[in-house]
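Thanks for coming. I have one structure to go through today, so please have the viewer open.

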Amino acid sequence: MKYIITLLTFLFFACAITAQVKSNHGNKFEQLEHVLPDPTPYRGVDGAPGPDYWQQRCDYKIDATLDTENQRLSGTETITYHNQSPHTLGYLWLQLDENQHVGHNDMHHFNGSNVEQVMDERALYMLEQWKDLTEYGHNIEAITDATGKPLKYTINQSMMKVDLPKKLLPGETFSFNVKWNYKLVNRIKGPWGRGGYEYFEKDGNYIFTISQWYPRLCVYSDVTGWQNKQFTGRGEFALTFGNFEVKMTLPDDYMIASTGECQNYDKMLTKEQLARWNKAQTATEPVEMVTLDEAKKNESSRSKKLKTWHYKAENVRDFAWGASRKFVWDAVPHYNENGKKAMCMSYYGKEAYPIYSRYSTRAVAHTLKTYSQYSIPYPYPVAISVEASSGMEYPMICFNFGRAEEDGTYTEGNKLGAIGVIIHEVGHNYFPMIINSDERQWSWMDEGLNTFIQTLAQAEFDNNWNLRRGPAHTIVPYMKSNPDQLEPIMTNSDNIVEFGSNAYAKPAAGLNILRETIMGRELFDAAFKEYCQRWAFKHPTPADFFRTMEDASGVDLDWFWRGWFYEIEPVDISLDSIAWLKVDMDNNPQPKEITNTNKAEEPFQDISKIRNREAGMQFAVEADPDLVDFYTTYKPWETSDSVLTSKTTLYAEAFSTQEKEEKFGKKNYYELRFTNKGGMVMPIILEWSFADGTKEIERIPAEIWRKNENAVTKTFVKDKTVQSIKLDPYRETADIDEKNNTKPMPTVPKLFQVYKKNKEEQVKNPMQRAKLKP
């Protein structure tokens, strides 16, 4: 027992000592060199691609058949892989994303679950849904080389390794064939999925969204090698750029929306539809190729005749398409700043007509216009919005929601929700379809950046839009959460607890804070655009983004990346006290003398000096007599002139009353004390409200915390009397506690005295001057 008490006592005092010596100067303003990966010849220290940057390329030729009656997709594809890396490869990794619906795979078993006091039937079913997932996933029928010879392959859940018949050297290409099929999922009522179908019982029709549908190459990069991390449904995709030629065969009463440009509209469309399409090329408002009446009529068609659509897409990382008898189809051109045309198009059923016919295609064009301002001119020939009761993005095409009520009416929420999701999903053409980050690893690099630009596009669409993400104050509820529910933005996609808040909202809010509060719009916009231009059609990493933003702006942001992206501390700056002071006009400080005396002491002989002498070291002043002067041998501690006296007369020179009145009569001194209760440092933004009814906003950079991260006192000089002071008046720093952002003002100022300067003199004992030896 005595031992335990002694141990506890020791631990108590050890903790007390540790607490006592804790510095107010932490590491919040230290640089991130030890956190970020080292620059390489492939990725520069400035955040730009290095002189030896490389990336792979993969081209596809795909023939697909959609069995609409049995909801099954089959296909054959020829894949040509270009090894543009400096490495020799022995195998290739492909993604089989449809295998997320295979019940025995890990993703259906690695999440915790519990039984609530009250459960509905579906919630109970979801505890064992995996047992019914036996008919889904890719069926690989054959993999052969260009001559038809079978290739060895191994399937590991959602990944497939194909062994090469010989090593693939740098600069070489390899072509092979894959034949496959799979059953589509009912993504509304069945196992959830980004691709699959929705069935409309009233008219017996389907909307098919064909995505993540073909076996496709994983990224091989200088950062991760093969990115073959399993697809679990959360962290999305890492994909290689290439060219696609795709043919889709299905009933001839289906309309198709697809990545790329159709090569055979002249065979797929009626003469009237083709004429409308040609008219749309120069239209100034959306033109309907398929009208609402035609779409309604087509819902009753049940053609058995097949036709094959033919599409091509260049320099894209993926390919997706949608198909339905229900589609209305409209289009209008958009011209980027270089004069290049992109056809903005929408496909939607009658359920979405009231909203989509009015807003969808116009929202697509608006998105291209605004995103191009902040990134790069839209490079592709097509941008499509498909209403499919979902929200998912692919190159040149996205699937969204936005249906009206059965009577054709809609709420403002329905309208804004539809426009918002269209802007967001079309915006993904930039992040990550063009600025091609690794979604499997870092969801925030596409979702967060895209959400941020989305809010700018929404504001330009309607400045009165009540944004739910983006502005700093929108992230406050999340930042107030229990720390157990928070994790750094720099968290792997599959490990995020609050996905929407962490991958979308917090990064977007952080970029908003940078743009509006820390950097300013001009510096931020130029740096962000530089990042987009540097990494368009390449594979950026977080470090490339962080470094580029600093390199292109000249602003040190390491403190911000550390606090906002690598840590979870919230912002809570408290205004603790306000002191109001004025110069005392009636009284002058009385002179006072202070005398200081200092006696020279013999220098301490440290161990290095002793050992230098013992080692027989040759000293320059002993070897060269010309280096010797009086001070070489002078020992003031042994002489009578070793005392130095300084005498200071304080407040020796006073102001006259008139001088004080002229210089300080209107001056009000406000001494404010702030504490950093949240932990995350931020600029201090003050709203001064004066007695005459005017206001002033004053901004103090975050670097005010660099010498003391916990508390700071600063005095402000104002020519007018202050009535109130408020911290963060526009709610732009994500401060989680606004109650401590104000403090009652003193009613009477404290007076202090002022003088011109101190008078100081030093009295030195006689000292012999140094003399050079002749």
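I will go through confidence, then the pockets, then a helix and one residue, and finish with the strands.

This is a predicted model, so confidence comes before anything else. The protein averages a pLDDT of 92, and 94% of the residues score at least 70. There are two stretches to set aside. Over residues 1-19 the pLDDT is below 50, and this stretch makes zero contacts in the model beyond near neighbours in sequence. Residues 764-774 also have a pLDDT below 50, and there the model has 15 contacts beyond near neighbours in sequence. Where pLDDT is low, the predicted coordinates should not be read in detail. Please keep that in mind if you look at those contacts.

Now the pockets. The largest pocket holds about 1,100 Å³ of space. Its lining has 38 residues, and those nearest the centre are Phe401, Gly417, Val421, Gln454 and Arg469. Which elements supply at least two residues each of that lining? They include strand S22, residues 392-394, and helix H7, residues 412-427. Helix H8, at 444-461, and helix H10, at 499-518, do so as well. H7 gives the most, with nine residues. If you colour the lining of the largest pocket by class, you get ten nonpolar, 16 polar and twelve charged residues.

The second largest pocket has about 710 Å³ of space. It is lined by 20 residues, and Met107, His108, Asn111, Met126 and Gln129 are the closest to its centre. The class split for this second lining is eight nonpolar, ten polar and two charged residues.

Next, a helix. Is helix H13, residues 558-566, mostly covered or mostly open? Mostly covered: eight of its nine residues are buried. Those buried in H13 are Asp558, Trp559, Phe560, Trp561, Arg562, Gly563, Trp564 and Phe565. The cover over the buried residues of H13 includes helix H12, residues 542-553, along with H8 and H10. You have met H8 and H10 already, since both supply residues to the lining of the largest pocket.

Staying with H8, one residue there is worth selecting. Asn450 sits in helix H8. How much relative accessible area does Asn450 have? The value is 0%, so Asn450 counts as buried. Leaving out residues up to four places away in sequence, Asn450 touches Tyr371, His424, Gly427, His428 and Phe431.

Now the strands, beginning with a sheet. Four strands make an open sheet in the order S5-S6-S3-S10, with antiparallel pairing. Why is one side of S5 and of S10 left without a neighbour in the sheet? Strand S5, 153-156, and strand S10, 216-217, stand at the edges, and each has a single partner strand, so one side of each is left without a neighbour there. For S10, look at its pairing with strand S3, residues 89-95: the two run antiparallel and are joined by two bridges. Leu94 stands opposite Leu217 in S10.

The last item is a hairpin. Strand S28, residues 684-690, and strand S29, residues 695-700, run antiparallel and are joined by six bridges. To place the register, take Ile685, whose bridge partner in S29 is Arg699. Four residues lie between S28 and S29 in this hairpin, and Gly693 in the turn has a positive phi of about 95°.

That is the tour, and I am happy to take questions.

Notes. Residues are numbered from 1 along each chain as its sequence is written. This is a predicted model: local features need pLDDT of at least 70, side-chain atom pairs count only at pLDDT 80 or more; totals for chains, interfaces and linings use all residues. Side-chain values use heavy atoms; hydrogens and water are left out. pLDDT is the predictor's confidence in each residue, from 0 to 100. Contact means heavy atoms within 4.5 Å. On a 1 Å grid over the protein atoms alone, a cavity is a set of points where a 1.4 Å probe fits but cannot get out, and a pocket is an open set with protein on both sides within 12 Å along at least five of seven lines; lining residues have an atom within 4 Å of a point. Grid points are joined across faces, edges and corners, and a volume is the space filled by probe spheres set on the points. Ala, Val, Leu, Ile, Met, Phe, Trp, Tyr, Cys and Pro count as nonpolar, Asp, Glu, Lys and Arg as charged, and the others, Gly among them, as polar. Buried means under 20% relative accessible area, exposed over 50%, partly exposed in between (1.4 Å probe, protein chains only). Two strands pair if DSSP finds at least two bridges between them.
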